[in-house]
Amino acid sequence: MSGNRKDALRLLAQFSTIGMSVAFSIFIGVGVGYYLDHKVFAGKTSPWLTLIFLGFGVGAAFKNLYDVASRKDL
Amino acid sequence: MEHPILFISLILQGLGLPVPHGPVGDTLLAKLVSPHMTYTWLVMLFLIVVPKLTLGTMSLVPGKGQNFWEVIIGGLEGFMADNMGKEGARMMFPMLATFALYILVANMIGLMPGFMSPTSNLNITLACTLIVFFTTHILGVKFHGIGYIKHFLGPIPWLIPLMLPIELISHFARILSLSIRLFGNIMAKETLLGILFMLAGAYFAPLPILCLGVFVSIVQALVFLLLSILYFSAAMEHAH
């Protein structure tokens, strides 16, 4: 395999993860927040921890995007 | 949908074992003889027996079988050495090559009628992914000691309360994306093949999907290998 095609395969694998990691980051954030709200604190803090961890999840999603966008080797 | 005909399940059912009709059984015995487990064992048996049979006696001038396996193993090692360096490739080679060969054979075996891909069950892919996930962090602790936590803290000290949950969430998203990608692709292939066989199998309707299935199987095995290599090398290098 030539170097060009190997590079293309590597980049394809990396970029194909972006969409999924954005979606899953947000879902994990909401899931952790919901668990803390309803199971750990028994609904006393609802809905604030869900919203805060939703923010963290969105932050993680954008950090993934930023990491890929700011790569030096492209 | 009609339950697909899986010959190992039929044989075990004939022997009187409680083969579950859903994906996963209730009791321990039913779990052990559920289709994805038995076909995993078939793949393991294939990967143990076939190299033994084809390799023959190892010689300096390789014969046909030895040449084939040397190309595969050499190609895998070169692929790893390109992405994580010679030292890392030598250290992680047994585990990653096992994953690559297992996932490749497990994906491909589902293309034959009477077999199913063990990787079309989320439990199998999740198990592979959890092994990769824990190995990543064990490698990180091994290479950096307690300083591995710097990987999670980001570059700026006063942003730590913000960066720590963000980094943790993005690490856990890796588990989900790695396992669900493999599972989703292979299950889509299996389901599509099953439906097309059932609807218009006599008119060769599944043929294009079979060709696509070969492609998807190889690509998904390579992607799993490549992403685990990238995670390992990210854990081994210094924090930015």
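**Entry 1: largest pocket**

I looked up the lining of the largest pocket in this predicted model. The lining holds 41 residues, and A:Lys63, A:Asp67, B:Arg174, B:Ala234 and B:Glu237 lie nearest the pocket's centre. Helix 1 (3-40) and helix 2 (48-69) of chain A, with helix 6 (160-200) and helix 7 (207-236) of chain B, each give two or more residues to this lining. Helix 6 of chain B gives the most, with 8 residues. Split by class, I get 16 nonpolar, 16 polar and 9 charged residues. The pocket holds about 1,400 Å³ of space.

My terms: on a 1 Å grid over the protein atoms alone, a pocket is an open set of points with protein on both sides within 12 Å along at least five of seven lines, a cavity is a set where a 1.4 Å probe fits but cannot get out, and a lining residue has an atom within 4 Å of a point. Points are joined across faces, edges and corners, and a volume is the space filled by probe spheres set on them. Nonpolar means Ala, Val, Leu, Ile, Met, Phe, Trp, Tyr, Cys and Pro; charged means Asp, Glu, Lys and Arg; the others, Gly among them, are polar. Helices are DSSP runs of H or I with at least four residues, strands are E runs of at least two, and both are numbered from the N terminus.

**Entry 2: largest cavity**

I searched the whole structure and found 1 cavity of 30 Å³ or more. About 70 Å³ of space lies in the largest cavity. Its lining includes B:Thr129, B:His137, B:His171, B:Arg174 and B:Tyr231. B:Arg174 is also among the residues nearest the centre of the largest pocket. Helix 5 of chain B gives the most to the cavity lining, with 5 residues. The lining has 5 nonpolar, 4 polar and 1 charged residues.

**Entry 3: helix 5 against helix 6, chain B**

I checked how these two helices pack. Their axes come within 9 Å and cross at roughly 145°. Axes are lines fitted to C-alpha atoms, for helices over the stretch in contact, and angles run from 0 to 180 degrees between N-to-C directions. The crossing is right-handed: the near helix is turned clockwise from the far one by less than a right angle, and anticlockwise would be left-handed. Among the contact residues are B:Thr129 and B:His137 of helix 5 and B:His171 and B:Arg174 of helix 6. Contact means heavy atoms within 4.5 Å. The contact has 11 nonpolar, 5 polar and 1 charged residues.

**Entry 4: helix 4 of chain B and its partners**

Helix 4 (residues 64-109) packs with helix 5 (residues 122-144) at about 165°, axes 12 Å apart. The pair is therefore roughly antiparallel; the cut-offs are under 35 degrees for roughly parallel, over 145 for roughly antiparallel, 65 to 115 for roughly perpendicular, and oblique for the rest. Helix 4 passes helix 5 in a left-handed crossing. B:Met91, B:Phe99 and B:Tyr102 are among the helix 4 residues in this contact.

Helix 3 (residues 35-55) packs with helix 4 at about 105°, axes 8 Å apart. These two are therefore roughly perpendicular. B:Tyr102 is one of the helix 4 residues here too. The contact has 13 nonpolar, 4 polar and no charged residues.

**Entry 5: chain B overall**

I count 7 helices and 0 strands in chain B. Its C-alpha atoms fill a box of roughly 65 × 50 × 35 Å along the principal axes.

**Conventions**

Residues are numbered from 1 along each chain as its sequence is written, and chains are lettered from A and ligands numbered from 1 in the order written. Local features need pLDDT of at least 70, side-chain atom pairs count only at pLDDT 80 or more, totals for chains, interfaces and linings use all residues, and side-chain values use heavy atoms, without hydrogens and water.
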